[in-house]
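This report covers the charged side-chain pairs of one protein model and the arrangement of its strands and helices. Please read it alongside the sequence and coordinates.

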Amino acid sequence: MPSSPLAVVQAQLDAYNAKDLDALMHTYAPDAAQFALHGALLAEGHAQIRPRYAVRFQEPDLHARLLSRTVLGNFVTDLEIVTRNFPEGKGTVEMLCVYEVIDGRIVRASFATGETRM
């Protein structure tokens, strides 16, 4: 398992795009938490995080394209365009993802969702 914050977050993105649920979960600490940026808890621990991705990975066109990345110590911030299959059809959504990595695993992730384009 990669240990630098940059390597961990890149492994997470690679697993997401490969729809490899086990590899993705390996990048998260067992007690990791996901939040809406500056807001509500979305999921806590593998038992809640895994099903969120399992559903998402069923989307045939799912893919995250990295636009920019900033690393500051153990924090990694990604700006992405994510292709999704919405009920209305295929589209993209802007995502700002902030990850905190400790001991080679993501312990906290916060997400801000931008504009959706169909």
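Asp-22 is exposed in this predicted model, since its relative accessible area is 53% and the exposed class begins over 50%. Its salt-bridge partner is Arg-50, and the closest N and O atoms of the two are 3.1 Å apart. Asp-22 belongs to helix α2 (residues 21-26) and Arg-50 to helix α3 (residues 46-56), so this pair ties together parts that are 28 residues apart in sequence. Arg-50 counts as partly exposed, at 32% relative accessibility.

The search of the whole structure finds six salt bridges. Side chains of opposite charge can pair when their charged atoms come close. Among the six are the three pairs tabulated here.

| Salt bridge | Closest N and O atoms |
|---|---|
| Asp-22 and Arg-50 | 3.1 Å |
| Arg-108 and Glu-100 | 3.5 Å |
| Glu-115 and Arg-117 | 3.2 Å |

In the pair formed by Arg-108 and Glu-100, the arginine is partly exposed, with a relative accessible area of 40%. Glu-100 is buried, because its relative accessible area of 13% falls under the 20% limit. For the pair Glu-115 and Arg-117, Glu-115 counts as partly exposed at 44% relative accessibility, and Arg-117 is partly exposed with a relative accessible area of 44%. Elsewhere, Arg-56, Glu-59 and Arg-84 are joined into one network by salt bridges that share partners.

The strands come next. Six of them form an open sheet with mixed pairing, in the order β2-β1-β6-β5-β4-β3. At the edges are β2 (41-44) and β3 (63-72), each of which pairs on one side only. From one strand to the next, the twist averages 20 degrees.

Strand β1 (residues 28-36) and β2 run antiparallel and are joined by three bridges. Gln-34 stands opposite Ala-43 in β2.

Two helices are placed against these strands. α3 packs on the sheet and touches β1, β2, β4 and β6. The direction of α3 makes about 65 degrees with that of β1. Helix α1 (residues 5-18) lies across β1, β3, β4 (75-86), β5 (89-102) and β6 (105-117). With respect to β3, helix α1 runs at about 170 degrees.

Helix α3 thus appears in both parts of this report: α3 holds Arg-50, the partner of Asp-22 in helix α2, and α3 also packs on the sheet.

Terms used
Residues numbered from 1 in each chain as written. Predicted model: local features only at pLDDT ≥ 70, side-chain atom pairs only at ≥ 80, totals over all residues. Heavy atoms only, no water. Salt bridge = Lys/Arg side-chain N within 4 Å of Asp/Glu carboxyl O. Helix = DSSP H or I, 4+ residues; strand = E, 2+ residues; numbered from the N terminus. Buried < 20%, exposed > 50% of the residue type's maximum accessible area, 1.4 Å probe, protein only. Pairing = 2+ DSSP bridges. Axes fitted to C-alpha atoms, helices over the stretch in contact; angles between N-to-C directions. Contact = heavy atoms within 4.5 Å.
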